[in-house]
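Here's a quick briefing to read alongside the coordinates. Have the structure open and follow along topic by topic.

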Amino acid sequence: MPEVIPADASHPQAEIWMNRALELARQGEALASPNPMVGAVVVQEAAHGGRVVGEGFHTYAGLRHAEIVALQAAGAAARGSTLYVNLEPCCHLGRTGPCTAAIIAAGVRRVVVAITDPNPAVAGRGIEQLRAAGLQVEIGLGKIEGQKLNEAFCKWISTGRPLLTLKSALTLDGQIALPTPRRHRPRQKTVTWITSEESRSEVQRLRHAADALLTGIGTVLADDPHLTDRTGRPRRRRLLRVVMDSRLRLPLKSKLVKSAEGDVLVFTTQPDDSPRARALRRAGVEVARVRSRDTRPDLRAVVEELGRREILSVLLEAGGELNAAALAAGVVDKMFLFYAPRMAGSNHRGVVQTQGRAFRIPPALKNLSLHRFGPDFAVEGYLRDVYRNH
């Protein structure tokens with residue numbers, strides 16, 4: 001790894017320009033995957049200020065990296081400038097040429113980087129190339145924000161497995177469902193929301209940021225959900241809706257199947273050529289057989305397969321049993337728990353249901369953050385360090 005030289009945050013607008021690079025990078029949400037989200041700002045700095053002469057962000061379909069977009073916007077004004085970028089510039093030949101070569105050729109004097117690139121093809125080499133060419137390179141301004149922005153990419157590029165977030169909505173007494181009014185029970189299914197509209201809007205934002213949504217067949221049979229991204233914001237690829245269904249009980253008339261357009265994937269332990277598997281495929285659902293664990297699809301095999309499909313982030317929205325299985329399998333990286341100021345009483349439907357068996361090592365969250373959504377609050381925390389040393 002290159003020597004870390006902290007960025008000169010004493011410049012009156014240094015943080016503003018790095019924040020602008022991070023803001024630009026976020027515009028690549030759901031558009032850059034499986035690449036990282038990157039924003040870049042080219043600044044002609046002066047002793048007591050400066051001016052932005054070029055900026056850009058990366059989208060996978062747009063091909064050009066953020067640095068190239070920003071440098072082309074700056075043109076000749078890039079000479080002698082400072083480049084602010086939230087991720088180390090690439091130095092290898094991939095779908096595009098190396099950004100380091102373009103930065104050097106443009107005459108940039110100084111580069112300020114939030115975090116180094118965890119990609120083994122880069123991993124500090126980009127910074128080394130820039131320094132070898134005589135550029136001043138500083139690392140660390142906006143580090144925390146930069147790590148969080150690309151935590152899914154960091155996990156996937158380092159391990160080949162997606163970042164998996166367990167999301168759930170709970171009452172203050174820990175229940176994930178409210179009692180159904182007796183008058184509703186004989187009729188069709190009625191959804192009773194635990195959390196507020198503000199929390200549900202945040203769930204849609206989480207879905208938009210994810211590459212895939214994972215649930216269990218129990219949730220599908222109980223609620224018949226669509227499990228879609230309803231933000232209306234653009235995506236490069238559709239949200240992949242994934243169902244754990246060991247016996248292939250997914251109804252052909254369910255909303256998931258009826259709305260399938262190559263974006264519904266079922267993991268099962270049933271034979272590939274079973275009548276039920278063939279019927280689901282005819283309806284537009286992909287069926288994948290994986291190895292079993294306790295008669296159910298092995299969650300580790302599922303996560304590995306999603307990683308091979310270049311799925312960087314998975315949002316787990318399921319019932320207590322699948323949540324418990326995911327935690328026990330060690331595939332959950334972080335949790336996002338919404339709490340509503342309500343009580344359910346003796347409903348006995350907790351976010352984790354272990355069927356009377358305790359965890360061998362009880363999971364503990366770290367690096368906690370608290371968020372407020374209308375009358376609700378949410379706890380966000382991590383079970384492991386997804387950034388490694390980057």
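What follows is a short tour of charge pairs, one helix, a surface patch and the cysteines.

Keep in mind that this is a predicted model. It holds 27 salt bridges, and by the distance rule the count of disulfides comes to zero. Elsewhere, four nonpolar side chains make up a surface patch with about 450 Å² of accessible area together.

**The Glu29 network**

- Start with Glu29 and Arg205, whose side chains meet in a salt bridge at 3.7 Å, N to O. The two come from distant parts of the chain, 176 residues apart: Glu29 sits in the loop between helix 1 (14-26) and strand 1 (39-46), while Arg205 belongs to helix 7.
- Are the two partners buried or exposed? Glu29 is buried at 14% relative accessible area, whereas Arg205 is partly exposed at 31%.
- Now for the other acid in helix 7 (residues 197-209), Glu202. Glu202 is buried, its relative accessible area being 13%.
- Which residues does Glu202 touch beyond four places away in sequence? Phe336, Phe338 and Phe373 are its contacts, so look for an acidic side chain with aromatic residues around it.- Shared salt-bridge partners join Glu29, Glu202, Arg205 and Arg233 into one network.

**Two other long-range salt bridges**

- Arg309 pairs with Glu286, and the closest N and O atoms are 2.8 Å apart. Arg309 is in the loop between helix 11 and strand 13 (313-316), and Glu286 is in strand 10 (residues 286-289), which puts them 23 residues apart.
- Both ends of that pair are partly exposed: Arg309 has a relative accessible area of 27%, and Glu286 comes in at 37%.
- Arg384 forms a salt bridge with Asp333, with 3.0 Å between the closest N and O atoms. Arg384 lies in the segment after strand 16 and Asp333 in the loop between helix 12 (320-329) and strand 14 (334-340), so the bridge ties together parts 51 residues apart in sequence.
- How much of each partner is accessible? Asp333 is buried, with a relative accessible area of 0%, while Arg384 is partly exposed at 30%.

**Helix 11 and its two ends**

- Helix 11 (residues 299-308) is mostly covered, with seven of its ten residues buried.
- The buried residues are Leu299, Ala301, Val302, Val303, Glu305, Leu306 and Gly307. Note that Glu305 is in that list along with the nonpolar residues.
- At the start of the helix, check Asp298: one of its side-chain oxygens reaches to within 2.9 Å of the backbone nitrogen of Arg300.
- Just after the helix, Glu310 takes a positive phi of about 60°.

**The nonpolar surface patch**

- Which residues form the patch? Leu172, Met343, Leu370 and Phe377 do.
- Met343 is in the loop between strand 14 and strand 15 (366-373), and at 59% relative accessibility it counts as exposed.
- Even so exposed, Met343 has contacts farther off in sequence: it touches Thr171, Leu172, Asp173 and Leu178, leaving out residues up to four places away. One of these, Leu172, is also a patch member.
- Met343 and Gly174 are 169 residues apart in sequence, yet their C-alpha atoms are 8.3 Å apart in space.
- Phe377 comes from strand 16 (residues 376-382). Phe377 is partly exposed, with a relative accessible area of 34%.

**Cysteines**

- Why is Cys91 not in a disulfide? Its closest cysteine sulfur, in Cys90, is 7.0 Å from its own, too far for a bond. The cut-off for a disulfide is 2.5 Å between the sulfur atoms.
- Cys91 is buried at 14% relative accessibility, and Cys154 is buried too, at 1%.
- With that cut-off, the total for the model is zero disulfides.

Definitions and conventions:
Residues numbered from 1 in each chain as written. Predicted model: local features only at pLDDT ≥ 70, side-chain atom pairs only at ≥ 80, totals over all residues. Heavy atoms only, no water. Patch = residues over 30% accessible without salt bridge, like charges linked within 9 Å, V, L, I, M, F, W, Y side chains within 5 Å. Areas by Shrake-Rupley, 256 points an atom, 1.4 Å probe, with all protein chains shown as cover. Helix = DSSP H or I, 4+ residues; strand = E, 2+ residues; numbered from the N terminus. Buried < 20%, exposed > 50% of the residue type's maximum accessible area, 1.4 Å probe, protein only. Contact = heavy atoms within 4.5 Å. Polar contact = N/O pair within 3.5 Å; in protein donor to acceptor, adjacent residues only side chain to side chain.
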